[in-house]
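Please look through the structure below with its helices in mind, following the paragraphs one helix at a time.

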Amino acid sequence: MNEIIDLPVLYSLRNCPFAMRARIAIYKSQQPILLRDLVLSDKPAEMLTASPKGTVPVIVTSTGQVIEESYEVMLWALSRNDPDDLLFAADEETFKNILALIYRFDSEFKSCLENYKCAKRYSESNLTECRQACEVYVQQLELLLSEHEFLFADRESLADIALLPFIRQFARVERQWYLQSPYPHVRAWLNAYLQSKMFSKVMTKYPLWLESRQDVIFPD
């Protein structure tokens, strides 16, 4: 019981891309945490006390440290244990490029993606323009993936798992267009992830914590 009490606690929303990539990094780190699934319309008081901004993911470590940005949660998890070397520990230059790509997508692509999703949802006339704004970034990934299996090498990096949830969203906006789009390498990369055991585990649906107060050890 003490071992469970001492585990870090992650407040998460199953389909939020930021929470998704935090869970992926934790899964990859093989470091157990207590997962508390929630809905944003019903936020636990415990979470709001730890992080008043009220967004996910939020992790509260066993020492009481609060980490409330997905990018920082990912680095926290993999700095504790990185069996697949997603941080490219021996290649400082590649790691800098990985961080730069993640920053570009977080600071630029995300807003383009939100505009694209809204244009589709509300049948706005600028749907094509919004999609083309996203494509500038997707084209960069297609070029990288034409050179190797993953974004920076023939093995995974932090960039792959950080960008995955957002490319998944992009692919779902205009599904038929995406399936015919000139991005075969992106499609193959995304499909491999979506069909993986890892993704199935990360996307497992658990009882909402506020309803059950059931502690879920993740990854189990």
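Because this is a predicted model, everything described here is computed from the model. A good place to begin is the end of helix α5, where Ser123, just after the helix, takes a positive phi of about 50°.

Turning back to α5 itself, which covers residues 92–121, we can ask whether its length fits its number of residues: at 1.5 Å a residue, its 30 residues should span 44 Å, and since the C-alpha atoms at its ends lie 42 Å apart, the two values agree. Along the way, α5 bends by about 40° at Phe109, and Phe109 is also one of the buried residues of this helix, which include Ile98, Leu101, Phe105, Leu113 and Tyr116. The cover over the buried residues of α5 includes α2 (17–29), α4 (70–80), α6 (127–145), α7 (158–173) and α8 (175–180).

Two of these covering helices, α6 and α7, also pack against each other, for their axes come within 12 Å and cross at roughly 135°. That angle makes α6 oblique to α7. The contact is made by Arg131, Cys134, Glu135, Val138 and Leu141 on the side of α6, and by Leu163, Ile167 and Phe170 on the side of α7. The crossing of these two helices, α6 and α7, is left-handed.

Helix α7 has a further partner in α9 (residues 184–194), with the axes of the two helices 10 Å apart and an angle of about 105° between them, and therefore α7 and α9 are roughly perpendicular to each other. Among the residues making this contact are Leu163, Leu164 and Ile167 of α7, together with Val186, Trp189 and Tyr193 of α9.

How values were computed: Residues are numbered from 1 along each chain as its sequence is written. This is a predicted model: local features need pLDDT of at least 70, side-chain atom pairs count only at pLDDT 80 or more; totals for chains, interfaces and linings use all residues. Side-chain values use heavy atoms; hydrogens and water are left out. Helices (H or I, at least four residues) and strands (E, at least two) are DSSP runs, numbered from the N terminus. The expected span of a helix is 1.5 Å times one less than its number of residues. The bend at a residue is the angle between axes fitted to the seven residues ending there and the seven starting there. Buried means under 20% relative accessible area, exposed over 50%, partly exposed in between (1.4 Å probe, protein chains only). Contact means heavy atoms within 4.5 Å. Axes are lines fitted to C-alpha atoms, for helices over the stretch in contact, and angles run from 0 to 180 degrees between N-to-C directions. Angles under 35 degrees count as roughly parallel, over 145 as roughly antiparallel, 65 to 115 as roughly perpendicular and the rest as oblique. A crossing is left-handed if the near helix is turned anticlockwise from the far one by less than a right angle, and right-handed if clockwise.
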